Amino acid sequence: MKKATVFFNILGIAGILLLHGCITIDGLTSGYSRLSEEDKNQIVFSDTQDNICELSKNGKIYAITGDQLYKCIETQENVMVYKWVPHCTGSHCYLLSYVQSYCDSHGFTLYVIADYYDSTRMFREQENISLPLFSANEKYYKTKYRNRYTKLFVKDLIKDEKLAKEIWYKNMLIFSYGKLTTYSLKLEDDDANGSGILKPWNE
C-alpha cells in the first residue's frame with residue numbers, strides 16, 4: 001500500500017474518532033467538560049441580567065456575555081479587554097502579570113477573558129490580575145466550541161457586526177467609553193526603557 005494511501009486512511013480514522021468524541025484537541029472546545037468537579041464548582045455561569053461590574057476576586061471564574069462586559073466598559077475612558085489563551089507561546093501572548101503591570105502604569109482598567117478553561121494555569125494566574133477572571137458563557141451562547149462562542153462574545157461586545165468580523169480572534173482590544181479604539185497594541189513597544197517591569201509570556 002502506498003504511503004499516501006496509508007496517510008489518508010489514518011487521517012480519515014482520526015477524523016471519525018474526533019467527530020464521535022473519542023479523542024479531543026485542547027483548545028478546540030472550552031474544556032469545561034474535562035474539568036474536575038472541584039474545578040467546575042469554581043466556574044459561575046452568571047445570569048445574563050447580573051451586574052458583573054462590581055464583582056471582586058474570590059477565587060471564582062465568572063462566565064459572562066459580551067453584553068454584560070459592555071455595560072462595564074461603556075462608562076470608562078480607558079479599558080483593555082485581554083483574551084487570555086493559557087497555553088499560547090506566540091509573540092502576541094503575555095503573562096497576566098505582564099498585562100496587569102502595563103495597565104496599572106498606563107491607566108487602563110483590565111478585564112481578562114479566558115479563551116478556554118485550563119485547571120493547571122487559570123486558578124494560579126488569576127492571582128496576578130486585579131479583577132476576577134472571566135470567560136465566555138458557553139451555556140448562553142449554546143456552544144462549547146471556542147471559535148463559535150468567541151465570535152458571538154466579541155459581536156456582543158463590539159456592537160458593530162462589520163467591525164467584529166475583523167477582530168474576532170484579536171487577543172487585545174482597547175476601548176474608550178465602550179468604543180473600540182485599537183486592537184493592534186504591542187505592550188513591549190512601551191517598555192523600551194528596559195525597566196524590566198514587564199515580561200512576555202514566551203521568554
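This report describes the overall make-up of a predicted model and then the surroundings of helix 3.

## The chain as a whole

The chain has 203 residues, and 43% of them count as buried. Its secondary structure consists of eight helices and seven strands.

Among the contacts in the chain with a separation of 6 or more, 63% are accounted for by residues 24 or more positions apart. The exposed area comes to about 11,300 Å², of which carbon and sulfur atoms supply 51%.

## An enclosed helix

Helix 3 covers residues 66–73. Six of its eight residues are buried, so helix 3 is largely enclosed by the rest of the structure. Buried here means under 20% relative accessible area. The residues concerned are Gly-66, Gln-68, Leu-69, Tyr-70, Cys-72 and Ile-73.

Both strands and helices take part in covering these buried residues. The cover includes strand 2 (61–64), strand 3 (79–84), strand 4 (109–114) and strand 6 (172–176), together with helix 6 (138–141) and helix 7 (146–158).

## Packing against helix 7

Two packed helices are described by the angle between their axes and the distance between the axes. For helix 3 and helix 7 the angle is about 35°, and the axes lie 7 Å apart. The crossing of this pair is right-handed.

On the side of helix 3, the contact is made by Gly-66, Asp-67, Leu-69, Tyr-70 and Ile-73. Helix 7 contributes Phe-153, Asp-156 and Leu-157. Sorted by class, the contact has five nonpolar residues, one polar residue and two charged residues.

Definitions and conventions:
Residues numbered from 1 in each chain as written. Predicted model: local features only at pLDDT ≥ 70, side-chain atom pairs only at ≥ 80, totals over all residues. Heavy atoms only, no water. Helix = DSSP H or I, 4+ residues; strand = E, 2+ residues; numbered from the N terminus. Buried < 20%, exposed > 50% of the residue type's maximum accessible area, 1.4 Å probe, protein only. Contact = heavy atoms within 4.5 Å. Areas by Shrake-Rupley, 256 points an atom, 1.4 Å probe, with all protein chains shown as cover. Axes fitted to C-alpha atoms, helices over the stretch in contact; angles between N-to-C directions. Left-handed = near helix turned anticlockwise from the far one by under 90°. Nonpolar A, V, L, I, M, F, W, Y, C, P; charged D, E, K, R; others polar.
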